[in-house]
Amino acid sequence: MSMDSSEAQVQAAGCPVGGDLLEATLTDPVVQARPNAFYQALRSQDPVHFDAKLGMYLVSRYEDLQTVLRDPLTFSVQKGYAEQYAKGFAAEFKEIVTRDGGGFFTDAIMSDPPYHTRIRKLMEKAFTAHRVKLLEPQITAIVSGMIERMADKGAGDGVKEFAVPMTIAIICAQLGLDHFDAQRIQRWSIAVTAQIGRMQTREQMLAHAKDICDLQNYLIARVREREAEPREDMISDLVHARIDDPEHPKLTFSEVVSSVRALLIAGNETTATALGNLLYIFATQPEMAARLYQYVDDDRMLNRFVEELLRLEPPVRGLSRMVTREVELGGKVLPAGAHLLLLYASANDDEQEFPCPRSFDANRGNLGRHLSFGAGIHRCVGLSLARMEIKVAAREFVRRLDHIKLAIAPEEITYLPTVATRSIERLPLTFARRA
Ligand code: HEM
């Protein structure tokens, strides 16, 4: 399955960079929406480029990202994350969630070794072989049920009516959150991700802080229930997980709350973005949907399709690190305290690693080397769940729907205003039930 992406042409044509990096910034919504020419200019002109408006060095080459990801002590997640959190409003934000949201629960997983090593081991207990085995039939039932309910309507929003409710239903089923309110969970997700996106105003921060209080109070109640009585779900797995560590064999209460919050948010925003991208590709390149239909029973080809989709359209654009000692990266000397944005999306686009990077080619020899899930010790802990969701959704969409088309012009598609992800906001589609 291979083809030149017409999206590549749209992206190049729509990008205002014109090769001059000094004029461009990733804070510009137009660059955020059509970033590939900007990434290309970064890689070829200044691979570790200081974006003055963002206040961060943009790391854009595959090789340099690998260098960073291999050395988590020089390039700290904890410091980068803390520095970026609620940028500009951190003190006020902390005060609000401490007063009204049960506490300021630092993101336990966004930490450095040795602390991270313990949290990560405990968190992995929620992704046991036993739980992963349950996934495919459960996910297939949720996804096919939702598509069936929409199939005869002939039109709907690919993000709001498919991608977001699907991923919310799946992560809630895994965590054991019954009777969830999908809209409320989406609001929570937006509020949490906005804290690392660097784009919120004070008014937005106040609204987001209120939503985060609501989220935390909800989760605290669910964790207390599992403490009293374990169930067959991920929250119970986290509450009762044990490792061989004489001093800290289990997660503390605040670590459980923060881990559940991380799984709920990381597990839905990113995957919903991937499903939005999947539907966008089906709608703009119908030949892709037609070809995939031939492979619905071929698990190997479906898996390859998913990996190439993730490489070509990575949901997570970039996440931060902070340099803890003076270090050279990509030919540039960075001082201690320099704040980096690791552009996973640009690494996936690096022609040194992936020839013809804007072409969709599910037969690439190095398909699995993309950085959409990161690499090293922080590599996505939920990747098996994410891959399964996207595979099942791809299969069930083409099995059940045909003639998927955009109901607006591609140029009218807008993206969430954030440097952390590249997420389609709304995707009006028309479609027919497959005969
Ligand atoms: C297509 C979907 C997804 C994408 C693209 C994605 C991407 C990523 C990336 C790039 C990282 C690395 C962070 C870093 O380098 O700082 C990461 C970490 C993480 N992801 Fe995912 N993710 C996805 C789905 C999920 C799901 C479904 C879950 C959980 C249910 C999840 C939970 C996490 C957690 C907890 C971490 C932190 C791991 C650590 O620091 O050790 N993600 N993810």
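This is a short tour of a predicted model, from the iron site to a sheet and then to two pockets.

**Stop 1: the iron atom**

Select the ligand and find its iron atom. Which protein residue donates to the iron? Cys380 does, through its SG atom at 2.3 Å, and Cys380 is the only protein donor. Now show the backbone around Cys380: this residue sits in the loop between β10 (359-361) and α17 (383-400).

**Stop 2: the sheet**

Next, select β5 (155-157) and β11 (401-406), which are edge strands, each pairing on one side only. Add β12 (residues 428-433). The three strands make an open sheet in the order β5-β12-β11, with antiparallel pairing. From one strand to the next, the twist averages 30 degrees. In general, the strands of a sheet pair through backbone hydrogen bonds, in a parallel or antiparallel way.

Zoom in on β5 and β12, which are joined by three bridges. To see one pair of bridge partners, select Gly156 and then Leu429 in β12.

**Stop 3: the helices across the sheet**

Keep the sheet in view and add helix α8 (residues 129-151). This helix lies across β5, β11 and β12, and runs at about 90 degrees to β12. Then add α17, the helix at one end of the loop that holds Cys380. α17 lies across β11 and β12, and its direction is at about 100 degrees to β11.

**Stop 4: the largest pocket**

Rolling a probe the size of a water molecule over the atoms shows where empty space is left. Select Tyr81, Ala82, Phe104, Thr106 and Asp107: of the 21 residues that line the largest pocket, these lie nearest its centre. The volume of this pocket is about 330 Å³.

Which elements each supply at least two residues of this lining? They are α5 (77-84), α6 (90-100) and α11 (202-228). The largest share, four residues, comes from α6. Colour the lining by class to find 13 nonpolar, five polar and three charged residues.

**Stop 5: the second largest pocket**

Move on to the second largest pocket, which holds about 250 Å³ of space. Select Ile190, Ala194, His208, Pro417 and Thr418, the closest to its centre among the 13 residues of the lining. Two or more lining residues come from each of α10 (182-194) and α11. α10 gives the most, with three residues. By class, this lining has five nonpolar, seven polar and one charged residue.

Definitions and conventions: Residues numbered from 1 in each chain as written. Predicted model: local features only at pLDDT ≥ 70, side-chain atom pairs only at ≥ 80, totals over all residues. Heavy atoms only, no water. Donors = N, O, S within 2.8 Å, 3.2 Å for Na, K, Ca; no water. Pairing = 2+ DSSP bridges. Axes fitted to C-alpha atoms, helices over the stretch in contact; angles between N-to-C directions. Contact = heavy atoms within 4.5 Å. 1 Å grid on protein atoms, 1.4 Å probe; cavity = no way out; pocket = protein on both sides within 12 Å on 5 of 7 lines; lining within 4 Å. Points joined across faces, edges and corners; volume = space filled by probe spheres on them. Nonpolar A, V, L, I, M, F, W, Y, C, P; charged D, E, K, R; others polar.
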